[in-house]
Structure formats: C-alpha cells, structure tokens
Amino acid sequence: MNQINRLTGGQINRNKELNFRFDGRSFKGFEGDTLASALLANGERLMGRSFKYHRPRGVLTAGSEEPNALVELRQGNRQEPNTRATVAELFEGLEANAQNAWPSLRFDAMAVNDRFSNFLTAGFYYKTFMWPKPFWEKVYEPIIRKAAGLGSISFEEDPDLYDKGFLHCDLLIIGAGPSGLAAALTAGRSGARVILADEDFRMGGRLNAETLTLGDASGSDWAAEAHAELASLDNVRLMTRTTVIGAFDHGIYGAVERVQDHLPQTIADKPRQILWRIYSRKAMLCAGAMERPIAFADNDRPGVMLASAVRSYVNRWAAAPAQEIAIFTNNDDGHRTAADLIAKGVKVPAVIDVRADASAVVGAELLAGAEVIGTEGRLGLTSVTVRLANGQTRKINCGALAVSGGWNPNLHLTCHQRGRPQWNADLAGFVPGPDLPSGMSVAGAANGQLSTAQALAGGAMGAVAALNALGIAAKPAELPQAEDAPIALKPFWHVQGGKSRAWVDQQNDVTVKDVRLAHQENFVSVEHLKRYTTLGMATDQGKTSNMLGLAVMAELTGKTIPETGTTIFRPPYTPVPMGTMAGRATGKHFHPTRKTPSHTWAEEKGAVFTEVGDWLRAQWFPRQGETHWRQSVDREVLQTRKSVGVCDVTTLGKIDVQGKDAATFLNKVYANAFAKLPVGKVRYGLMLREDGIAYDDGTAARLAEDHFVVTTTTANAVLAYRNMEFARQCLWPDLDVQLISTTEAWAQYAVAGPNARRLLEKIVDADVDISNAGFPFMACGEITVCGGLRARLFRISFSGELAYEIAVPTRYGDGLVRALMEAGEEFDVTPYGTEALGVMRIEKGHAAGNELNGTTTALNLGLGRMVSKKKDCIGNTLSERSGLSDESGLRLVGFKPIKAHDPVTAGAHLMNASGEISATTDQGYVTSACFSPNLGCSIGIGFLKDGANRLGEVLRAANPLEGQTVEVEVVSAHFIDPEGERLRA
Amino acid sequence: MMIDHPLLGLRDAQEFTYLGDASLIDRPDWQAEDAQETFHDYLYLRENPAGEHRELWFHETGDRSWLVVTRNTLTHEITKVELARDVARARGRSK
C-alpha cells in the first residue's frame with residue numbers, strides 16, 4: 001500500500017509526488033522528503049545490514065549523524081556508497097540499494113556471523129589471524145574485507161565535475177537553527193558581511209522538527225520568515241546543503257556545498273560539489289545538539305530510534321515510523337515526543353521513564369522507574385520487554401521505540417584546533433571548553449543552551465559581541481517569545497542485566513560487552529578503547545556512540561566520565577568524497593603543464609615527449625622507418641657529433657643577477673670563484689648546500705660588470721632561486737644586487753657539432769664575429785640575429801662538441817628554431833631530444849642529477865679543486881669536514897664492459913673482481929649508463945672508492961635485482977675527446 | 001594559516017614556502033678558529049620550542065620576500081611578521 005504511514009501536515013510538497021526505487025522495489029514520496037522519511041512513510045523500517053554481524057538495521061536518527069541507514073545511491077559510474085538515507089534528498093527517479101547484504105536485504109547469508117558473535121568480539125581479528133603470518137595479507141585479509149566492509153564502489157571513473165572556491169566574510173555562522181538564525185538576523189541587519197551555512201536543505205534546524213511556537217508563529221514559519229528576510233539582504237550569503245567540515249587556523253573554515261546531489265539530472269558544466277575555503281574574521285558555531293541513545297539488549301532492531309528523530313519524521317516529514325510507538329527516556333524530551341505523537345494521532349502504548357519521579361503524561365501510560373530490557377521482531381520491532389519499577393516484566397507491543405538519553409552539544413568544530421571539551425553535570429554531557437579556535441564563539445544548544453529561548457538569545461547576543469569586536473555596531477534582533485524549559489534529566493546510560501547484546505556503536509557493531517572486554521584486558525584509556533574495539537572509528541566518527549562508550553567505561557573503572565576522558569574530533573565533520581577534495585586537479589589537470597615556445601615545432605617533427613617536472617620536453621624525434629627509440633637516439637647522437645644538432649634547452653633555470661655587487665654575490669653562492677670572471681666570459685659554477693654537499697650546477701655568464709646571467713638545472717630552477725634570495729636578503733642584506741627569474745622570458749637552444757659555427761654564421765647578423773678567435777670557448781655576448789633580433793650567445797658545451805647556446809625572447813623561440821633548422825639543412829642538421837643529450841653528456845663524463853644526488857661532494861665529483869679555499873661561500877666550511885674530504889673516498893669515473901655486449905646498468909653496485917658480493921664489500925655504484933653509439937658498447941659513469949687511482953682495474957657491476965653481474969673496466973669518465981679539443985675547435 | 005606580510009597585508013600561507021628556524025640568519029664567521037664547530041651547530045642544532053618560534057617563510061608565489069614570522073607552535077598564533085632583511089641588518093649582518 002502506498003505511504004501507509006504518511007500523516008497529515010509536515011513540510012513536504014504533496015502536490016509533487018516523486019517515484020523512487022529502493023533495493024529493487026518501487027515507492028512514492030513527496031518533494032521535501034529524504035530517502036529515510038519516504039521509506040518510513042511507506043512502512044519500510046529495514047534499511048541496511050550491519051558492518052560486522054549483518055544485523056538488520058533501520059534509521060536511528062534523522063540527520064547526518066546516522067550510523068545505520070547507509071545505502072548505495074544512484075547507479076553506474078555515479079554510484080556512491082555509504083550515503084546516509086537520512087540526508088539523501090528525494091528526487092524523481094532516485095535509485096538506492098541496501099549495501100552489505102547478500103543475496104538480499106531481507107535474507108542476508110552473512111547474518112550467520114551474528115550466530116558466531118561470541119567469537120567475533122573486540123580484538124578477534126588481531127588474536128585469531130596472527131598465524132601463520134603470511135596468511136594475513138594473502139588469505140585472511142581479502143576474505144574479511146569482502147565479508148565486512150561497507151558499501152562497494154563502481155570502479156568506473158567519476159563523471160562529475162568538482163570545484164574549489166574561496167569566500168571572505170566578517171562573520172561565518174555555522175548552523176541555521178534558532179541560534180544561527182537569530183545571529184544571522186542580528187549580523188545581517190548591521191550590514192556586516194555574513195555567511196550562514198547549514199548542512200540541511202531547509203533552514204531552521206530543530207524549529208522544523210518541533211511543534212514549539214515562536215511568538216504567534218510555528219517554529220518552521222518563523223524560520224521561513226527569517227530565511228526570507230536574510231535572502232533579501234545583499235550582505236548575507238545563505239548556503240544551504242553546505243556542511244562546514246573543519247575549523248582551521250586563523251579563521252579559515254572548510255565547507256562542502258552539495259550543489260547537484262539533490263537533482264535527478266546533473267546540469268552539465270556545473271560542479272556536483274564545491275569545496276569552499278571560507279576566510280572569516282569571526283565565526284559562530286550554532287550547530288545545535290544531538291540526542292544520544294540509551295544502550296539496552298537488542299537496541300539495534302529496526303524501529304528503535306532516537307526520540308528527536310521520531311519527532312522530526314512525524315512533524316517535519318509527516319511520516320510515522322510505525323503505527324504504535326513506545327517511548328524510553330531519562331528526561332522530559334520523551335514526554336514532549338509523546339505529546340507530539342498523540343497530537344498526530346499516533347498511538348503511544350507506554351512512556352517508559354527511568355525516573356521514578358517522572359510526571360504523568362496526558363494520553364499515554366507512564367511507566368516510571370522502568371527500563372527496557374529487551375526487544376523482539378526479526379526484521380523490525382514488534383514489541384519491547386520492560387522491567388517495571390516493582391521488578392516485574394511486561395511486554396509492550398509497538399512498531400517503534402523512541403529513545404532519549406539526553407543531548408550532546410555539537411562541539412566538534414571547537415576541537416579542531418585541539419580544544420578540549422568540558423563536563424557539564426546538568427546536561428550530563430560535554431560542552432565546548434575555553435580553548436576555542438581563534439575568532440570562534442559558540443551559541444545555542446552547541447554551547448549547552450538547550451531551550452529555544454536561550455538559543456535565540458545566545459545567537460543574537462553572540463553576534464553582537466562578535467561584531468563589536470570587529471568594530472561593527474550591531475544591536476540584537478528582537479526575539480519572539482519561546483519555550484524556555486529547564487533541563488530535566490537523570491543521567492542514565494545503559495540498562496543492566498539484559499540477556500542479549502546491547503549496542504553502543506551501531507556502525508561498527510560495538511557492544512557493551514566489547515567495552516567490558518576492553519576493560520578486562522586493560523585497554524581502559526579512551527584512545528586504547530577506541531582502537532581496540534573500533535568504537536567511534538566508523539564513518540560517523542561515533543557521533544551517537546562515543547559518550548555511551550565513555551559512560552560504560554567510566555562505570556567499569558569506577559571513575560566519573562570526565563575522569564575517564566573525552567575524545568576530541570578531527571575534520572571532516574562528515575565524510576567528504578575524494579572527488580571534492582581533488583576538485584579540478586584530476587587527470588592532466590593534476591599539475592600544470594609547461595610547454596616551451598617551440599613545443600608546436602617539436603610536435604610537427606614527431607617528437608616523443610617526456611615529463612620533466614611540469615615541463616614537457618622532446619625525448620627524441622623518430623624518423624620514418626625507425627621502430628625502436630634507440631635507433632632515433634643513436635642517429636641523433638651520431639649526426640650531432642658528425643655534423644650538427646639542435647636541442648631545446650629552454651627549461652633550464654635562468655636567473656638574472658644585476659647590481660654593483662653582483663660578482664661578490666655570486667662568489668658567495670657558488671663554490672668556485674667568480675669575482676675575476678671577465679665581461680664576455682662564461683664560467684661553469686657549482687652550488688653547494690651549507691653542509692658541503694653539491695646540489696646544483698650551471699653556468700654564469702658575465703654580460704657586463706654589473707650583470708650576470710645564471711643558469712640552473714631544470715629540476716632546481718625554483719630551489720636555486722629561493723636559496724639565492726635567502727643569501728641576498730638574510731645573509732648579505734646590504735649587497736647591491738637584484739635577482740629575478742627569467743626562465744620563462746628566454747627561449748634557449750643548444751647548437752652542437754663540428755658544423756655548429758657554420759650554421760650559426762648563417763643566422764647571426766653581419767657585424768657579429770663568432771669566429772674561434774673572436775668568440776672563443778666560454779665566450780658570451782649580447783648579439784643580434786636574423787636581422788636585428790636581440791639574442792644572447794654562449795659558447796658552452798654539454799655534449800663535448802663545438803657548441804653554443806643561443807637565447808632569444810620567448811616569443812621568438814619558435815621562429816628561431818625554425819630558422820636554425822632551415823639554415824642547417826645543408827649540414828643535414830638534426831633536432832635532438834633529452835635522450836641524445838643524456839647519451840652525449842655521459843660520453844663526455846658530465847655530471848647531472850644522477851651524480852648530484854644529494855649525497856655527493858665536489859670532491860666526489862672530481863671537482864674538489866674548484867672549491868675555493870680563499871673565500872667565504874655557502875658550503876665551503878663544512879665541505880672540509882673529515883668525513884667529506886677523504887682523499888680515497890668516492891670519485892667519479894667511467895665504466896666499460898669487458899665483454900662488449902654486456903650492459904652497464906645504472907644503480908648497479910661495484911664489487912672487486914673476486915670475492916663476496918655484499919654490502920660490506922661494496923666499492924661504489926653506477927649512477928648513469930647508456931649505449932654509446934660512438935663507442936659501440938654500453939658505458940656508464942659512477943662513484944668508485946679511490947676511483948682516481950683505480951683506472952684500468954676490472955670490477956664486477958652487480959645488479960641483484962635482475963640477477964645480473966657483469967665485468968667492467970674502470971676508465972676515465974671522459975669517453976669522448978678527453979683533451980677537450982673539439983670544444984675549442 | 002594567514003600571514004600578515006609587512007608590505008602586502010594578510011596573505012594565505014599557501015603563497016609561502018617554509019624554511020625553519022630564523023637562527024639560520026646568524027651564519028657564523030667562516031674565518032673563526034672554531035668555524036667547523038660553529039657551522040655544525042648553526043646547521044644542525046635547533047631549538048624545538050613548544051610555544052613561540054621565530055621562523056623563516058619565503059613569499060614564493062608573491063613578492064619573493066623572506067619573512068621572519070613569530071608563531072606559537074602550539075596554537076599557530078602569529079604575533080609578529082618582519083622582513084628578514086630588516087632582521088638580518090638588526091642582527092649585524094650589514095657588510
């Protein structure tokens with residue numbers, strides 16, 4: 001039958017009927033329903049199976065704290081597991097499935113676990129599956145994961161868009177219940193910039209769920225009016241469906257706005273959710289309070305719910321959880337629930353109140369001093385067993401039981417900066433402590449002010465105080481007459497002596513017995529209790545269970561609850577989808593892509609690209625007929641060494657250094673001397689860390705007395721610049737020197753090979769002399785090319801050939817490389833990529849990142865003599881430590897295989913020709929290796945103990961990863977042109 | 001976190017790169033007799049206070065100023081922000 005438990009009234013739109021499916025069956029509900037309220041209206045109490053024992057479960061709550069009613073929402077690639085049915089807004093065509101149940105929700109084969117519950121107590125997994133050890137990963141864990149776990153994922157790519165946004169305000173108000181609305185009205189009218197955020201889709205909080213009146217209006221009408229006024233104010237931003245998930249430093253809050261989750265069809269190009277970063281000057285936490293349950297035997301049966309949730313379903317959604325609803329309470333909220341139910345025509349067979357002196361209820365039988373000791377009903381509650389004050393038991397038929405154990409303030413966000421909650425005896429609960437996140441204040445029920453009148457006043461006065469502190473004048477909004485009942489509660493946590501298990505944490509299936517076991521085994525500290533029993537460690541973070549667990553432990557240890565401790569909360573307040581955290585940073589947008597100015601040219605040439613940091617660099621340029629990368633690379637190397645090649649080196653870091661003291665400054669940041677470098681000359685430079693380890697190398701070209709251009713490696717462009725700024729501002733603050741990164745201002749190309757000069761002569765302007773005499777090795781200068789285009793020319797060589805690097809302003813990079821290629825046609829010029837670059841530098845024995853690997857010194861690199869002893873420079877002093885200046889320590893040398901076809905492998909460790917191969921006999925390691933087309937064999941460079949004195953020795957290069965050991969001969973690292981004649985040609 | 005840049009006002013800490021203890025400004029004299037020891041201490045020994053800490057931040061995606069930020073390591077409260085260059089001068093690093 002359709003919506004058999006639907007009542008009259010409520011804040012639903014009965015003119016808009018919605019069709020939906022749950023677990024394969026069709027239902028109808030109304031606009032304004034949640035999945036949970038619509039299911040209850042249809043008489044469906046069973047909504048899921050529990051995590052461990054596969055017990056039938058229904059809703060416990062009506063909000064985001066729900067531990068039980070977790071479903072898989074939507075289908076296909078939009079399927080989302082662990083969605084709480086209590087906050088899933090109903091829409092036309094909604095599809096949801098129960099999770100963690102097989103083959104069906106009503107008959108779940110894994111419910112057999114429940115029969116073996118005696119074996120599945122706290123610590124069971126730790127104790128049972130310890131042996132044999134390798135079985136854990138391969139056998140036990142996969143089976144346990146499959147059997148337990150919560151929902152499943154689709155394994156398809158998420159089709160939705162997510163975004164991140166930034167907001168600023170004077171006052172952020174978190175929660176739009178009575179205190180939040182009163183605060184927002186007060187602040188909004190003052191003209192301050194206000195953000196009011198609430199996780200619900202309707203503002204009003206408990207005002208929508210209660211029958212209380214504010215002045216002459218119903219609570220929900222007053223809330224709607226307040227909402228309308230706030231919506232009319234330009235200085236107020238209202239954010240419904242927005243959960244503030246965390247309080248971070250200095251008034252920054254994280255919030256997740258669910259933009260599209262309630263829509264049947266996603267709007268293309270709009271994000272599904274937005275992760276907001278809210279910069280607030282002040283914030284008010286008006287998050288209300290959560291009711292807590294009482295533990296008793298079989299208190300997890302579908303139909304056992306919190307009393308406040310029952311009122312929410314009945315009053316807001318006009319959905320009765322059952323036709324007959326009994327009440328179990330330790331405070332007056334139970335009585336309020338009875339009155340509301342009776343007013344709606346729902347039968348209340350009994351109000352079971354643990355207080356012996358409880359006052360009478362109109363229209364229902366009161367069982368004062370009684371306790372619920374058991375429940376019955378296989379897939380849903382049919383009756384409860386009550387122990388009366390006189391000790392007799394009585395069975396009461398009911399389809400639902402509304403339980404109230406008191407209220408816990410929602411102080412979660414007050415703990416995000418390590419604030420510690422404080423015990424409040426009236427509430428028998430924790431309230432926010434004095435150490436709040438900076439700029440935050442708390443009002444209303446979140447602050448322990450449980451009555452509506454207190455909440456309204458707290459909100460208004462709190463807003464005035466917050467704004468006054470900002471120098472904004474505000475006066476409290478006029479407040480309507482409202483309920484102001486005192487707290488009337490007898491602390492009562494769990495019923496003693498029931499026959500079955502009493503549940504504490506329903507999401508993680510933790511019982512009173514588990515807490516008792518933890519106590520027995522001395523896991524009494526709250527942190528141990530949590531980890532041993534998993535209490536409060538599920539996706540709900542124990543919102544409805546932590547207090548109960550603490551109370552049970554306190555009872556066992558004979559301490560008070562505050563002595564036992566409290567758990568503090570961490571962000572996020574409710575679970576956040578990974579997609580929302582990622583925002584737009586997915587796939588190729590995970591990090592920026594940097595392309596050099598001649599990227600398009602390289603693409604046209606068929607380049608294969610590789611990622612170097614964010615940069616894309618051409619790795620090689622395959623030609624037709626080449627089927628293996630080595631063919632392309634070998635050709636590029638041979639052609640460059642035979643005639644000429646061009647390589648894009650734009651990605652190298654470039655730093656412009658200017659000022660009267662520029663040379664003095666470089667003298668301090670480089671290990672080698674720069675003060676006497678003449679204008680028009682370039683010098684290789686090595687940078688050390690202060691601990692004496694080499695970290696970057698490059699060149700510095702002196703273009704004028706007071707002007708240098710420094711290059712760094714691609715990888716260290718950012719770090720070297722940062723370190724140079726540190727030296728300039730923090731170490732030598734009065735040097736007259738200025739720095740700027742010009743990496744992206746210049747496009748730079750290496751032109752290398754015996755025909756490099758002849759090629760360049762065709763593009764440099766007529767008045768530029770680049771003859772060997774006029775522009776010798778290590779010369780530099782500002783010149784013009786291609787008829788007046790300004791350029792910088794450096795005669796430097798990484799390849800070991802006669803070579804130049806030429807730089808032009810970025811926008812001419814593409815034009816320049818095309819001009820170089822055209823001019824080079826007659827020399828059969830080849831473009832070459834990073835692989836050929838790497839091969840040539842290994843052949844030449846030049847160090848790169850593999851050699852400057854964070855453990856090597858100038859001495860290791862064979863550059864020990866470069867480190868000037870006559871000046872102060874970064875790293876100089878500590879490079880002389882005995883451990884780093886061992887003359888027989890590691891030295892950079894080359895390796896050639898004894899058998900020509902043997903490979904030399906980077907990472908291989910060097911061992912003496914005979915003897916044991918082990919870490920203790922290690923002689924060094926190979927850092928870089930390649931096939932050298934010029935030598936016709938594999939070669940490598942690397943570090944060898946006392947390497948300089950071991951040339952000619954035969955060693956073994958051991959590569960145990962691949963079970964390979966090859967014999968190598970120790971040679972000079974300079975395989976090609978060791979005398980450097982080509983460079984100077 | 002927000003850092004109140006002396007030249008630019010409140011800026012998000014995401015714009016900055018963190019280095020560490022501001023004592024890194026006090027680089028020892030390389031010509032001193034005990035330079036090896038003082039450099040060792042300068043580089044490796046740090047106070048690790050639970051409370052007020054003076055530390056270096058680089059406004060890397062901003063104006064590239066090095067700042068000395070006084071931050072409480074327990075609460076993250078920032079009580080002072082100075083240009084590191086001014087601090088360096090005040091500590092006698094002028095040539």
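The following paragraphs lead through a predicted model, beginning with the contact between its two chains, A and B, and then turning to single residues of chain A.

The meeting of the chains can first be described by counting residues: 33 residues of chain A are in contact with 34 residues of chain B. The size of an interface is often given as the accessible area lost when the parts come together. Between chain A and chain B, about 3000 Å² is buried, and carbon and sulfur atoms give 52% of this area. Three residues, A:His250, A:Gln729 and A:Asp734, supply 20% of the area that chain A buries against chain B, which is more than any other three residues supply.

Which interactions join the two chains? Five salt bridges are counted between chain A and chain B. In a salt bridge between the side chains of A:Arg722 and B:Glu60, the distance from N to O is 2.8 Å. Polar contacts link 20 residue pairs between chain A and chain B, with both residues of each pair at pLDDT 80 or more. On the side of chain A that touches chain B, the elements giving two or more residues are β15 (273-285), α18 (717-731) and α22 (876-879). The largest share, nine residues, comes from α18 of chain A. Sorted by class, this side of chain A has 14 nonpolar, four polar and 15 charged residues.

A residue of chain A may now be considered in its own surroundings. A:Phe20 lies in strand β1, which covers residues 13-22 of chain A. Is A:Phe20 buried or exposed? With a relative accessibility of 2%, A:Phe20 counts as buried. Apart from neighbours within four places in sequence, its contacts include A:Phe27, A:Leu35, A:Ala38, A:Leu39, A:Leu90 and A:Leu94. By contrast, A:Arg790 is 770 residues away from A:Phe20 in sequence, and their C-alpha atoms are 70 Å apart in space.

The cysteines complete this account. Over all chains, the structure holds zero disulfides. A:Cys780 is in no disulfide, and the nearest cysteine sulfur, that of A:Cys786, is 20 Å away. Why does A:Cys786 form no bond with the closest cysteine sulfur? The closest cysteine sulfur to that of A:Cys786 is in A:Cys647, and because the two sulfurs are 19 Å apart, they are too far for a bond; a disulfide requires the sulfur atoms to be within 2.5 Å. The surroundings of the two cysteines can also be described by accessibility. A:Cys780 is buried, with a relative accessible area of 7%, whereas A:Cys786 is partly exposed, at 44% relative accessibility.

How values were computed. Residues are numbered from 1 along each chain as its sequence is written. Chains are lettered from A and ligands numbered from 1 in the order in which they are written. Side-chain values use heavy atoms; hydrogens and water are left out. Buried means under 20% relative accessible area, exposed over 50%, partly exposed in between (1.4 Å probe, protein chains only). Helices (H or I, at least four residues) and strands (E, at least two) are DSSP runs, numbered from the N terminus. Contact means heavy atoms within 4.5 Å. Buried area is the accessible area (1.4 Å probe) that two parts lose on being put together, summed over both. A salt bridge is a side-chain nitrogen of Lys or Arg within 4 Å of a carboxyl oxygen of Asp or Glu. A polar contact is a pair of N or O atoms within 3.5 Å; within protein, one must be able to donate a hydrogen and the other to accept it, and residues adjacent in sequence count only if both atoms are side-chain atoms. Ala, Val, Leu, Ile, Met, Phe, Trp, Tyr, Cys and Pro count as nonpolar, Asp, Glu, Lys and Arg as charged, and the others, Gly among them, as polar.
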